[in-house]
Amino acid sequence: MKIETIAIHAGTIITDSHRPAIQPITTSTTFEHHEGSLIYTRANNPNRLALEQVLAQLEFGDDAAAFSSGNAAAMAVFQALPAGSHIIAPDDMYHGIRKQLVEVFHGIHETSFVNLADEEAVKAAVKKNTRLIWVETPSNPLLKITDIRALVKIAKEHGLLVACDNTFATPVFQNPLKLGADLVMHSTTKFLGGHSDILGGALITRGKSEFWEKIRLVQHVGGAVPSPFDCYLLTRSIKTLPYRMRGHHDNAMKLAAFLNGHPQVEKVFYPGLENHPGFEIAKSQMSGFSGVLSLMVKGGAAKADEVISKLKYFTHATSLGGVESLIERRAAVEGPDSKTPPNLLRVSVGLENSEDLIEDFEEAFQ
C-alpha cells in the first residue's frame with residue numbers, strides 16, 4: 001500500500017457485528033475474560049489497537065505504542081534505559097523533552113547536549129555508559145537538520161540505540177526507521193492530529209527487541225495512555241494526513257521564500273531553502289520539508305512582538321501542526337533558561353490561502 005491508502009485503511013479494526021465502515025468508539029474500561037481478551041483498557045483497547053496499527057505501518061515499523069502525550073512517549077524511552085545511562089541529545093531540541101533530561105532524569109541518567117550536525121563532536125561525546133542517541137530532525141525551533149544515516153553508523157560502531165523525534169517531518173516526508181534508526185517518536189498532538197484538539201504521543205520500533213518490551217511495560221504499568229476517544233479522533237485525522245502535509249509544505253515553501261528576501265527579516269530557518277545549511281542532507285532523507293519555519297526579526301524581541309500583534313491570520317499560541325496558522329516568540333515561552341534567540345518567531349504554517357498569509361506578513365511589517 002502507498003501512504004494515502006495506509007492512512008485511510010490501516011487504522012480500522014471492525015469489532016461490531018453490523019460492520020460499520022468507520023470503527024466505532026469502545027469506551028468500556030474492562031473486557032470479559034477469554035482467550036485473547038484485552039482485559040482492561042489501560043492494557044489495551046480496540047481504538048488504541050487501530051491507532052497503533054496505522055502508526056506502525058506509516059513509519060514502516062514492526063510495532064507502535066501510543067501515549068497520552070509526546071512528552072509521555074519520550075519519557076517512556078528514558079524510563080526504559082538502565083539507571084546511570086548516558087544519553088547524547090541535540091543542542092537544539094524541544095524544550096519540554098530537554099527539561100525532562102535536565103530536571104526529571106538528573107541523577108538517574110547523564111546527558112550530553114551536542115551539535116548533532118558535527119559528527120566528530122558526536123563521536124567525542126560517546127562514553128562507556130552511553131546507551132542512546134536522541135535525534136530531532138528538523139529540530140525545534142531552529143530547524144536544524146541531522147544526517148540520520150551518519151549517526152546510525154556511529155551508533156552501530158558503539159552498540160547504541162538511535163531514537164528520532166519525527167514530529168516536524170511526519171511519516172509523509174521522512175521515515176527514520178528506513179534510514180536505520182531503532183525508534184521513532186511523535187507528538188501526535190501536532191501534524192498527525194492536525195486540528196489542535198488532541199493530545200497524544202507515540203513510539204514506533206523497527207523491531208520487537210528486549211528494549212521495546214521494556215517500553216511496552218512502561219506504557220502498561222505507567223498508564224500514560226490516550227483515551228479511546230482520543231485514539232478515535234487521531235485515527236480519523238490520520239486519514240487526511242498525506243494531503244494535509246502537502247498543503248502545509250506548499251504554503252511554508254511560499255512563505256519562507258517571501259520572508260527570506262524581506263528587508264525586516266534577519267534570517268529564515270527552513271530546510272526547503274537552498275541557503276539552509278542542511279538543505280542537501282534534508283533533500284537526501286526527506287521527500288518534503290513540512291510546514292514549520294522560524295524567522296529572526298530585525299529590531300529585537302520588541303519588534304518581533306509587534307509583528308505578532310499585527311497579524312490577523314496567525315494565532316499567537318503555542319503548538320503547531322493544525323490547519324490554522326500559529327505563531328509565537330519561542331524564547332518568551334521557554335523561559336529564562338531558553339537558548340533560543342529572543343527575536344526568533346516560530347511559525348506553524350496552516351492551510352489557509354498562501355497569498356493571504358503572505359499579505360498578512362507584508363502588512364504586519366509595515
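## A sheet, a helix face and two buried residues

Helix 12 turns a face away from its buried side, and that face carries the exposed residues Ala302 and Ser309. This is a predicted model, so please read everything below in that light.

Let's stay with helix 12 for a moment. It spans residues 300–310, and its buried residues are Lys303, Ala304, Val307 and Ile308. Seen down the helix axis, these buried residues fall within an arc of 145 degrees, so they line one face of helix 12. The general geometry helps here: an α-helix has 3.6 residues a turn, so residues three or four places apart point the same way. The cover over the buried residues of helix 12 includes strands 9 (292–297), 10 (314–316), 11 (325–329) and 12 (344–348), along with helix 14 (354–364).

Next comes the sheet. It is open and built from 7 strands in the order 1-7-6-5-4-2-3, with mixed pairing. Strand 1 (63–67) and strand 3 (110–114) are the edge strands, each pairing on one side only. On average, neighbouring strands of this sheet are turned by 20 degrees against each other, direction ignored. Strands 6 and 7 run antiparallel and are joined by 4 bridges; Val184 has Ile204 in strand 7 as its bridge partner.

Two helices meet these strands. Helix 8 (residues 210–222) packs on the sheet, where it touches strands 1, 5, 6 and 7, and its direction makes about 25 degrees with that of strand 1. Helix 4 (residues 95–104) lies across strands 2 (86–90), 3, 4 (130–136), 5 (161–165) and 6, and runs at about 135 degrees to strand 3.

Now for two individual residues. Lys190 lies in the loop between strand 6 (183–186) and strand 7 (201–205). An unreviewed UniProt entry annotates Lys190 as "modified residue: N6-(pyridoxal phosphate)lysine". Ser237, by contrast, is found in helix 9 (residues 228–238).

Are these two residues buried or exposed? With the cut-off for buried at under 20% relative accessible area, the table gives the answer.

| Residue | Relative accessibility | Class |
|---|---|---|
| Lys190 | 16% | buried |
| Ser237 | 2% | buried |

Which residues surround them, leaving aside those up to four places away in sequence? Lys190 touches Thr167, Ser319, Leu320 and Gly321. Ser237 touches Leu192, Gly193, His195, Ile198 and Arg244. With Gly193 there is also a polar link: the side chain of Ser237 reaches the backbone oxygen of Gly193 at 3.0 Å.

Note on methods: Residues are numbered from 1 along each chain as its sequence is written. This is a predicted model: local features need pLDDT of at least 70, side-chain atom pairs count only at pLDDT 80 or more; totals for chains, interfaces and linings use all residues. Side-chain values use heavy atoms; hydrogens and water are left out. Buried means under 20% relative accessible area, exposed over 50%, partly exposed in between (1.4 Å probe, protein chains only). A polar contact is a pair of N or O atoms within 3.5 Å; within protein, one must be able to donate a hydrogen and the other to accept it, and residues adjacent in sequence count only if both atoms are side-chain atoms. Contact means heavy atoms within 4.5 Å. The arc is that of the directions from the helix axis to the C-beta atoms. UniProt positions are given in the numbering used here, feature names are shortened, and annotations may be inferred rather than shown by experiment. Two strands pair if DSSP finds at least two bridges between them. Axes are lines fitted to C-alpha atoms, for helices over the stretch in contact, and angles run from 0 to 180 degrees between N-to-C directions.
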